[in-house]
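These are my notes on how the chains meet one another. Please read them with the structure open.

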Number of protein chains: 4
Amino acid sequence: MSDVEKAKVAVVGASGYSGIELLRILLKHPGVDLTTVTSRQNAGKSLVEVLPQFKAYPGADGLKFTSPSVHELAKSGIEFAFLALPHGVAAEYAVPLFEAGVKVIDLSADFRLNEASVYREFYDKVHPAPALLKEAVYGLPEIRAKEIANARIVASPGCYPTSMLLPLIPLVRSGLIESNTIVVNSMSGVSGAGRSAAIPLLFAECNESVRPYGLPRHRHLSEVEQELTIAARKPVKITFIPHLVPITQGICTTIVAELAPRCTSMSQVEAVLEAVYRNAPFVRLLGNGGFPDTRHVRQTNFVDIGWHHDPRTKRLVLTSAEDNLWKGAAAQSVQSFNLMRRIDETTGLL
Amino acid sequence: MSDVEKAKVAVVGASGYSGIELLRILLKHPGVDLTTVTSRQNAGKSLVEVLPQFKAYPGADGLKFTSPSVHELAKSGIEFAFLALPHGVAAEYAVPLFEAGVKVIDLSADFRLNEASVYREFYDKVHPAPALLKEAVYGLPEIRAKEIANARIVASPGCYPTSMLLPLIPLVRSGLIESNTIVVNSMSGVSGAGRSAAIPLLFAECNESVRPYGLPRHRHLSEVEQELTIAARKPVKITFIPHLVPITQGICTTIVAELAPRCTSMSQVEAVLEAVYRNAPFVRLLGNGGFPDTRHVRQTNFVDIGWHHDPRTKRLVLTSAEDNLWKGAAAQSVQSFNLMRRIDETTGLL
Amino acid sequence: MSDVEKAKVAVVGASGYSGIELLRILLKHPGVDLTTVTSRQNAGKSLVEVLPQFKAYPGADGLKFTSPSVHELAKSGIEFAFLALPHGVAAEYAVPLFEAGVKVIDLSADFRLNEASVYREFYDKVHPAPALLKEAVYGLPEIRAKEIANARIVASPGCYPTSMLLPLIPLVRSGLIESNTIVVNSMSGVSGAGRSAAIPLLFAECNESVRPYGLPRHRHLSEVEQELTIAARKPVKITFIPHLVPITQGICTTIVAELAPRCTSMSQVEAVLEAVYRNAPFVRLLGNGGFPDTRHVRQTNFVDIGWHHDPRTKRLVLTSAEDNLWKGAAAQSVQSFNLMRRIDETTGLL
Amino acid sequence: MSDVEKAKVAVVGASGYSGIELLRILLKHPGVDLTTVTSRQNAGKSLVEVLPQFKAYPGADGLKFTSPSVHELAKSGIEFAFLALPHGVAAEYAVPLFEAGVKVIDLSADFRLNEASVYREFYDKVHPAPALLKEAVYGLPEIRAKEIANARIVASPGCYPTSMLLPLIPLVRSGLIESNTIVVNSMSGVSGAGRSAAIPLLFAECNESVRPYGLPRHRHLSEVEQELTIAARKPVKITFIPHLVPITQGICTTIVAELAPRCTSMSQVEAVLEAVYRNAPFVRLLGNGGFPDTRHVRQTNFVDIGWHHDPRTKRLVLTSAEDNLWKGAAAQSVQSFNLMRRIDETTGLL
């Protein structure tokens, strides 16, 4: 790997959970020269003072948090900017960076939707940069590798959507399941709710607690339905129930749908999934009868997918597991970076 | 409560998780004289030697585990026997006790099914006492209070079924939901898998792990479909996906179903649930928009039930939470005991 | 218990973790008429809206949070006030209540120290009501039952101190250990840090984390050394290292000290502890070789105490476990209430 | 790293927790050709069938568990054998491998003690291969780098000892602390108890549980006192109290000792630690006032060390954190491998 050319990279908003995992990955990435890490609240402090877990990591000891204006940042010579910022804020950074020719990989929701009107519906605000929506590529590498490679701005998918879309897109696209019968239940680790001081996220509130939330219209529904509609070539609406469970990292997703009449055998399900993911290094098909486990994907970019047929109800059950901060956020965005840099997709991720 | 007459009670199989919680409840129950606690492996030891958490509890310090033959037990003068035994084993005890006139409250699955053939299908063995199936009452107190009060043998429901049946029965019975569209996802604490030495149940295997299992045909499906079929007055088949989550006690269940055409308003849903549970001291209706939390029902006999309408898909989402060892096992069986003794249903449980 | 006369009681500051457990205990206490629960932030809301876990509890459904001025509270007819407030704030309430003849049971640190100067040293502020310090009784019921019974203001001990003082006081008093060699390590559940929105207390920060803190001079040292000095009849200084561990409730404390020359046999240790705690319903002596476990005391008022002799080093190791919110806070304060009311010490606590 | 020459390596006993982490590290290690992974119970199965977390890892998909006799193994052409076996069993493998010229890195306790008589005292059995004890080097790389580099058999230290010896050896050696006053408390994650089906290790037994155990003479005391005695050049006896806490991986250790008269300033403590660890890539000195956290060292080979002076008692408090399976077992043994191979000590570990 020693001959990978390094790109100058900034991580903007590096002290949330996604930002921290981005640092963990990028500090060791052979194709990254991490020149800038920004944080408003920690500006001026050294990286290892704020995040002592990185002390003595290669490259970490010299880094300092800065808080440049977006225009300073745009002119600072960086080639790539990872935005690990809240939605709304991310767009404020993305536009000037994009205009300055910096390639943007945005981990927020700001550029995931094709239509500003849907953004308004689900995020309760006017989209701050609708003109850029057409430029942005929805960065699911297993589905859009080529567009990502050519993109100037990538909207890295949300944690829940990744865990649903990878199992569902091949089956919806092939018409093996009835796309209007999809019911999704997901269980997410608490880091998915962000690193913000809030009583419901305290240890003593989350331990021994399992709870649904976000019904009936979690924000992530919008990007999931957008992508499934594209795959199905007809409008798709799904039911999605997120739950908070007492783990730090991980999402377990369980999807139920009716099999379409054209699906007469489980081998068709397997064939369709195999065809799409045969060469996908991070999708692990566990097969008919396989069960994923969040513990098996912790701190990895893998998504594990299993499935079961229930002949009594003619339904298919798809199950998946991923690390919400890795495949669901930081690592997946690095996977897109690798594609944009035309280096091995797995660089820095295995 | 001091004037409640005490019944002589045995707990058979008192060192598993349900048995331990039974002891916790019965030791303080004003209507119980706990004369016998049995355990093959701990026979001869004092209760507090095996279960030091009970040291200095009222009535616990003098108790010893015994291991009587079932015939000795039947003749020992007990009036009630709680069976906290594995399925198959429970029936071996139930028959002689029943024949000796001891009232039996069985926490296993042995007498929950009306048909021996279904038992064979789901439990892979010939039913050991099919003649008793007609005598046994499925002990869901909120649904069958009168039959339980008159029963000589009560089959206390499983933990998963309780969490599904209480939200579903009123709605299925009233025809407000389409009973052939029901999809259930449940997340159970690890105690639900029993107190047996098995590597998948170790702390280091369960911590940071969320995993589905038991597909496509978990054993508890059989009793759920039996009871829903009774409620619907037509055959009901459902999809049920259990998951293991890293909590000790608790089940969170999420149910999705299509609304029937006759359901034109959420107030109908509320009215039907209110009508059935208005006087049920342990069912807490959280209303339209309410979310349950396993932490809020820990060590209680409550079931919390909330619901949401998804107008985009015309589906109803029902959510419930209970303690799998309390309302899902030990406490619910004591609730049946209270009914059988014609004392206040909440005695010893609030 | 039905003939216990009820006292009118207020809980001031009822939405922190100690306050919530106080409510859990007092709502069921046969000698309590809980007339007032106060909370500045929740004033006007019903108890069960803020704390849904209490819905359908006996007596809870009608209660509302109020926010009376301390003078309104003093004149409201209450006979007892439990103060579950931060230190400093508690004293502001205690003085007018005390002057109005209300008996005060304070769970904060404000009245635990005999000397205002020590308060200033350890709490970095001038004591707000030094005149009351002489009135207040340090409320460790196993050590000061008679003084508590006659007290008008009780300073209920801290969670860490309780776990240390109960094992240590008899041994220090008897001179069996060298009081200048005491080293204490404690591991506390996260609820001990309070119900405040702070990033270090988030689930994702505490899970998989064990960390010492508070060195070299944790605030609780002051009351521990005060009480050990009284027991030893000479100045005692100890080393105390608190740790945060990922459990919700519980403190495990391990104490090491050198045996004094006069201690020539472990039977002396046992005899001294037995003599003091023979009739203490909440102290469970596990004996020489016994090990406590926080899980065994969860949601109880018990303190479990074991000990071991290390003949290689001539040291004694004392170990204890308690629930930091029960014996370490709420339940212990109710134990003092029972003593003050001259009713059975265990009322409402077993 | 691409020009590191690969050594043929076997992992013997690869399905316990240390073995699994060894696989995780060695599969990616550029200097390792992992030719053999053995497991009696899993012989014949593929690695990824038994350990699905390794599916799609580089090099994992082709591997199978085998169960060769030790003589077959000795002749199989391997150059290094990592033994991740129970004590007693490890020696059975070590002797023939050693005699066949295979370099042995033993993670068990079998070769950590210099005297067979101490082994007998602490492990209750006659040492199976006393002749090899003189050959074996106690493999603490920060203390014995040169001897390890030249060793033919390395006894990799235990998890608890590593967390104590690294803070203590420099201070004991320099005489800054009184070596006869050392009191150590450690809190270990449950994986430290091994991957064996035992009820006390179940999730439902460990969650919400903190408990001391192993008093008064935990087996690891023997190697700690041996190494401290060498450092002090006089006999050292310490008090050591291990605790089990509900985390999967990690050890937090807190050490208290009296300062020796020659220690007149904390800068001496810092100077001594800095002198020993200045060039140690895996020891992170957090300084006077610093606090370690097990979460910060998870899945790393780091040991974090902080310290505090308590002028009131003239004692020093040293605190450390490590991952019990990494620095405390698997990763540390790979660090020794790197030294033996004369490649960068951090290869495969950063």
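How many residue pairs are in polar contact across the interface of chain D and chain A?

1. The rule finds eight such pairs across the interface of chain D and chain A, counting pairs where both residues are at pLDDT 80 or more. The pLDDT limit applies because this is a predicted model. By class, the side of chain D that touches chain A is made of ten nonpolar, four polar and five charged residues.

2. Charged residues are present on that side of chain D, yet the count of salt bridges between chain D and chain A is zero. A salt bridge here needs a side-chain nitrogen of Lys or Arg within 4 Å of a carboxyl oxygen of Asp or Glu.

3. The contact between these two chains involves 19 residues from chain D and 19 residues from chain A. Together they bury about 1,700 Å², and carbon and sulfur atoms give 54% of that area.

4. How are chain D and chain A related in space? A turn of 180 degrees, with a shift of 0.0 Å along the axis, lays chain D on chain A with an RMSD of 0.0 Å. That is the relation of a two-fold axis. Both copies use the same surface, as 100% of the contact residues of chain D recur in chain A.

5. The next contact is that of chain B with chain A. Here 49 residues of chain B are in contact with 49 residues of chain A. The buried area is about 4,000 Å², of which 57% comes from carbon and sulfur atoms. Which three residues of chain B supply more of the area it buries against chain A than any other three? They are B:Glu208, B:Val210 and B:Arg312, which supply 20% of it.

6. Between chain B and chain A the count is eight salt bridges. One residue named above, B:Glu208, takes part in a salt bridge: its side chain meets that of A:Arg298 at 2.9 Å, N to O. For polar contacts between chain B and chain A, the count is 30 residue pairs, both residues at pLDDT 80 or more.

7. Several elements of chain B each supply at least two residues of the side that touches chain A. Among them are the helices α8 (203–206) and α9 (221–232), and the strands β8 (183–188), β13 (303–310) and β14 (315–322). The residues on this side of chain B divide into 21 nonpolar, 16 polar and twelve charged.

Definitions and conventions: Residues are numbered from 1 along each chain as its sequence is written. Chains are lettered from A and ligands numbered from 1 in the order in which they are written. This is a predicted model: local features need pLDDT of at least 70, side-chain atom pairs count only at pLDDT 80 or more; totals for chains, interfaces and linings use all residues. Side-chain values use heavy atoms; hydrogens and water are left out. Contact means heavy atoms within 4.5 Å. Buried area is the accessible area (1.4 Å probe) that two parts lose on being put together, summed over both. A polar contact is a pair of N or O atoms within 3.5 Å; within protein, one must be able to donate a hydrogen and the other to accept it, and residues adjacent in sequence count only if both atoms are side-chain atoms. Ala, Val, Leu, Ile, Met, Phe, Trp, Tyr, Cys and Pro count as nonpolar, Asp, Glu, Lys and Arg as charged, and the others, Gly among them, as polar. Helices (H or I, at least four residues) and strands (E, at least two) are DSSP runs, numbered from the N terminus. Copies are superposed by least squares on the C-alpha atoms of residues with pLDDT of at least 70 in both.
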